[in-house]
Amino acid sequence: MSDIPVFFLHGLVYAGLLFLISSGLTLVFGMMNVLNLAHAAFYMLGAYFSYSLLNATGNFWLSLIVCPLLLFFIGAAVERFLLRRVHVYGHVQELLITFGVAYIITESVKWIWGNYPLGVNLGGFLSGSVNLFGLFYPIYRLFMFFCAILISLIMATVLYKTRIGIIVRASVDDSEMVNTLGINVPLVFTGVFGFGAALSGFAGVIAGPLLTTYPGMAAEILVDAFVVIVIGGMGSLVGALVASLMIGELQSFGALLFPKLSLALMYMLMAAVLIIKPSGLFGEEQ
Amino acid sequence: MLLEVKEIHSYYEKSHILHGVSLGLKEGELVCLLGRNGVGKSTALKSVMGIVQPRKGSILFGGQELIGKEPYQISRMGIGFVPEDRRVFPSLTANENLLMGIRRGKNEAPSKQGWTIEKVYDAFPQLKQRKNSKGAHLSGGEQQMLTVARTLMGNPELMLVDEPTEGLAPTIVKDVLKMLSAIRESGVAILMVEQNFKASIKIADRFYIMSKGQIVFEGNGEALEAAEDVRKRYLEV
Ligand SMILES: Nc1ncnc2c1ncn2[C@@H]1O[C@H](COP(=O)(O)OP(=O)(O)O)[C@@H](O)[C@H]1O
Ligand SMILES: [Mg+2]
């Protein structure tokens, strides 16, 4: 069956998208102990910003740079002016404020762009297909996968080879100790939160031309991203990577083999992992 | 005075833990804060470090007020913090743990001792052997050395050290105490919390005893040895 390689590739592409979103989500959770319910709303904003920018300029490459940058500043502002203020009141309040931000973004999107799906047509070589060992595969999906790999490699290099990376990993372990070592941890939080929002926005930009851009897209992918970080282990980037691949393939083959069951399959996988290892595949035991 | 803690009151939410604690340290002194479990010793150190913000009182370090500052600002002024339970970064290697101790910032205190990673490895050869091991995989003694060494990397003028010998084997306790006196010899003042005074009496210049969030005794080793009633009442179980 020639469907199998195609769906395998589809799975990889979706895994790449999921990793771009869940890596920021899991890093923020690991550092700040905040489950950011607005994280997928940043993804959606990325897609909508890109839609408008494409309409205005027609330049997709510009969109790939400008939209994540905008999301970085939006994310950093949310952390600095909202999250930091409610931090003293505890986790429930932090969760609520991210829920509020997600709600406001979703309603604003409906108000500005309308409550219906929007399509993006890229044209150019990205909309063509390429012959992969006798299999015609859309160039755009390969491009998405390539972007995800590139970003992951950059992220791994920063995290494991630079001082900033050491600081971020140490903050995931124990941010209070990092603070006592003379590092401006509040600034690190703002930076990582903004960076996570930018990655999520980047995912939105590249998802736009493939998936439809509509006000429910945030809620839809948020569920998958949560499952990814729970399976991978909260706070673990390696876990997010492995779980993204699992969920990406599961969703893809689920859609092929048991179209009605793919959501149930995902929850079953999550339950199975949690029974065997409650902290997730790569999570630290609490 | 290098450090002057004056009448501080610290709380966790509504529970009032420190009831007007005052203590002081001169440059290069090694002072030991004793007292039973739960009397507020760690809270006193955390109050100096800015992890707990006292609601009343004053903490001066080199004449500058610390209350209201973030821990990272206090660290940059020249105070190092070695917490209880060691708290190395478990997923970082020993070498990365040490790199985390390097202090950068505009208001860095001038470093007198000039600790560098090479000097730290010379002083702690055991750590050099394990430099690529994850913090989580080190022994208790190695973790204690690593937290102290990590703090030294920031070249502090004052180190706050919370129960450095807790849970260590007796031979390692000796090593740790020797290491702390050596650090003091190099000119760093140390405020150390301990539960048993027998371990610390040989190395400390002065002692404070805490009970129920208040200082109940202050004096040198001789005074503490002489004050049997104080020891019975506040230290022995
Ligand atoms: N994070 C915290 N939240 C609430 N209460 C705490 C916290 N940490 C310590 N306490 C309480 O404060 C008191 C003093 O604790 P601590 O300063 O750790 O004592 P010590 O170090 O002398 O053993 C204890 O009664 C303890 O239960
Ligand atoms: Mg204590």
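Colleague: Why is Glu84(B) called partly exposed?

Modeller: Its relative accessible area is 24%. Buried means under 20%, exposed means over 50%, and partly exposed is in between, using a 1.4 Å probe and protein chains only. The value falls in the middle class, so Glu84(B) is partly exposed. This is a predicted model: local features need pLDDT of at least 70, side-chain atom pairs count only at pLDDT 80 or more, and totals for chains, interfaces and linings use all residues. Side-chain values use heavy atoms, with hydrogens and water left out; residues are numbered from 1 along each chain as its sequence is written, while chains are lettered from A and ligands numbered from 1 in the order in which they are written.

Colleague: And why does Ser42(B) count as buried?

Modeller: Ser42(B) has 13% relative accessibility. That is under the limit for buried, so the label holds.

Colleague: What makes Ser42(B) and Glu84(B) donors of the magnesium ion (ligand 2)?

Modeller: Ser42(B) offers OG and Glu84(B) offers OE, lying 2.0 to 2.7 Å from the ion. Donors are N, O and S atoms within 2.8 Å of the metal (3.2 Å for Na, K and Ca), so both qualify. Water is not among the atoms, so sites may look incomplete. Ser42(B) sits in helix H1 (residues 41–49) of chain B and Glu84(B) in the loop between strand S6 (79–82) and helix H3 (94–100), so the pair links parts 42 residues apart in sequence. Helices (H or I, at least four residues) and strands (E, at least two) are DSSP runs, numbered from the N terminus.

Colleague: How do you know that H1(B) is largely enclosed by the rest of the structure?

Modeller: Eight of its nine residues are buried, so the description fits. Among them are Lys41(B), Thr43(B) and Leu45(B). Just after H1(B), Gly50(B) takes a positive phi of about 85°.

Colleague: Which side chains make polar contacts with ligand 1?

Modeller: A polar contact is a pair of N or O atoms within 3.5 Å; within protein, one must be able to donate a hydrogen and the other to accept it, and residues adjacent in sequence count only if both atoms are side-chain atoms. Oxygen atoms of ligand 1 lie 3.3 Å from a side-chain N or O atom of Asn37(B), 2.7 Å from one of Ser42(B) and 2.5 Å from one of Thr43(B). These three distances are within the limit, so they count.

Colleague: What makes S4(B) and S5(B) a pair?

Modeller: Two bridges join strand S4 (residues 56–61) to S5(B), running antiparallel. Strands pair if DSSP finds at least two bridges between them, so this case qualifies. Leu60(B) stands opposite Glu65(B) in S5(B).

Colleague: How many bridges support the pairing of S6(B) and S7(B)?

Modeller: Four, in the parallel sense. Gly80(B) stands opposite Met159(B) in S7(B). S7(B) also pairs in the parallel sense with strand S8 (residues 189–193) over five bridges.

Colleague: Why is Gln251(A) called buried?

Modeller: Gln251(A) has 16% relative accessibility, under the limit, so it is buried. Gln251(A) lies in helix H9 (residues 237–257) of chain A. Contact means heavy atoms within 4.5 Å. Beyond neighbours within four places in sequence, Gln251(A) contacts Tyr14(A), Asp224(A), Ser262(A) and Met266(A).

Colleague: What about Ser244(A): buried or exposed?

Modeller: Buried, with a relative accessible area of 0%. Ser244(A) is also in H9(A). Not counting residues up to four places away in sequence, Ser244(A) touches residues including Ala15(A), Phe19(A) and Val228(A).
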